[in-house]
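Here is a friendly note to read alongside the picture. Keep the structure open and look for each element as its name comes up.

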Amino acid sequence: MARETLILLGICPRSDRDREELRWRCEGAARWYGAHPHGQIIACGGQTGSLPVSEAAEMKRSLIGMGVPETDIIIEDSSRITRENLTNALALLDDADRESLYLATSDYHMPRALLTLRRCGGR
């Protein structure tokens with residue numbers, strides 16, 4: 001059975017502002033999960049910026065702290081840019097799970113992220 005899937009994009013955290021934006025993205029993903037409790041979240045992002053762990057691992061830690069069960073969080077931690085985030089995330093899904101995709105990022109990033117998702121094979 002297909003699951004609703006939220007692809008949560010990271011941000012290369014180089015500053016306190018970037019880290020705050022990453023937290024906001026996680027908060028949005030946690031709210032989405034609250035409305036879609038049978039869904040799953042793919043946290044995307046490799047080890048970039050100033051974090052001692054991958055962006056995906058940091059987001060997973062945050063999401064768990066916000067009440068998202070660990071079992072509903074998938075890690076994609078090898079990507080460094082949006083296109084890699086989306087290509088790698090889609091590779092983790094079967095065709096059925098690609099039918100109900102959601103995307104979480106910042107408002108200014110959403111148009112480019114949606115275009116990139118379509119180019120990578122998302123619907």
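1. Let us begin with a pair of helices. α1 and α2 are oblique to each other, because an oblique angle is one that falls outside the ranges for roughly parallel, roughly antiparallel and roughly perpendicular. Helix α1 covers residues 16-35 and helix α2 covers residues 55-65; they pack at an angle of about 50°, and their axes are 10 Å apart. As α1 passes α2, the crossing is right-handed. Please keep in mind throughout that this is a predicted model.

2. Which residues make the contact between these two helices? On the α1 side they are Leu-22, Cys-26, Ala-29 and Ala-30. On the α2 side they are Glu-58, Met-59, Ser-62 and Leu-63. Sorted by class, the contact of α1 with α2 has six nonpolar residues, one polar and one charged.

3. Next, find the sheet. Four strands form an open sheet, and their order is β3-β2-β1-β4, with parallel pairing. At the edges sit β3 (73-76) and β4 (101-104), each of which pairs on one side only. From one strand to the next, the twist averages 20°.

4. For a look at one pairing, go to strand β2, residues 40-44. Four bridges join β2 to β3, and the two run parallel. You can pick out one partnership by eye: Ile-41 has Ile-73 in β3 as its bridge partner. Helix α3 (residues 82-91) packs on the sheet, where it touches β1 (5-9), β2, β3 and β4. The direction of α3 makes about 155° with that of β1.

5. Another helix belongs in this part of the picture. Helix α4, made of residues 110-119, lies across β1 and β4 and runs at about 145° to β4.

6. How do α3 and α4 sit against each other? They pack at an angle of about 45°, with 9 Å between their axes. α3 and α4 are therefore oblique to each other. The crossing in which α3 passes α4 is right-handed. From α3, the contact uses Thr-82, Arg-83, Leu-86 and Leu-90. From α4, the residues are Arg-112, Ala-113, Thr-116, Leu-117 and Arg-119. By class, this contact of α3 with α4 divides into four nonpolar, two polar and three charged residues.

7. Now zoom in on one side chain in the first helix. Arg-25 is found in helix α1. Is Arg-25 buried or exposed? Arg-25 is buried, because its relative accessible area is 5% and buried means under 20%. Leaving out residues up to four places away in sequence, Arg-25 touches Leu-8, Leu-9, Gly-10, Ile-11, Thr-105, Ser-106, Tyr-108 and His-109. Take Ile-11 from that list: Arg-25 and Ile-11 are 14 residues apart in sequence, and 9.2 Å apart in space from C-alpha to C-alpha.

8. Finally, look at Glu-21, which also has its place in helix α1. Glu-21 is buried, with a relative accessible area of 5%. Which residues is Glu-21 in contact with, once neighbours within four places in sequence are set aside? They are Ile-11, Ser-106 and Tyr-108. Try finding these on the model, then go back to Arg-25, which touches Ile-11, Ser-106 and Tyr-108 among others.

Methods: Residues are numbered from 1 along each chain as its sequence is written. This is a predicted model: local features need pLDDT of at least 70, side-chain atom pairs count only at pLDDT 80 or more; totals for chains, interfaces and linings use all residues. Side-chain values use heavy atoms; hydrogens and water are left out. Two strands pair if DSSP finds at least two bridges between them. Axes are lines fitted to C-alpha atoms, for helices over the stretch in contact, and angles run from 0 to 180 degrees between N-to-C directions. Contact means heavy atoms within 4.5 Å. Angles under 35 degrees count as roughly parallel, over 145 as roughly antiparallel, 65 to 115 as roughly perpendicular and the rest as oblique. A crossing is left-handed if the near helix is turned anticlockwise from the far one by less than a right angle, and right-handed if clockwise. Ala, Val, Leu, Ile, Met, Phe, Trp, Tyr, Cys and Pro count as nonpolar, Asp, Glu, Lys and Arg as charged, and the others, Gly among them, as polar. Buried means under 20% relative accessible area, exposed over 50%, partly exposed in between (1.4 Å probe, protein chains only).
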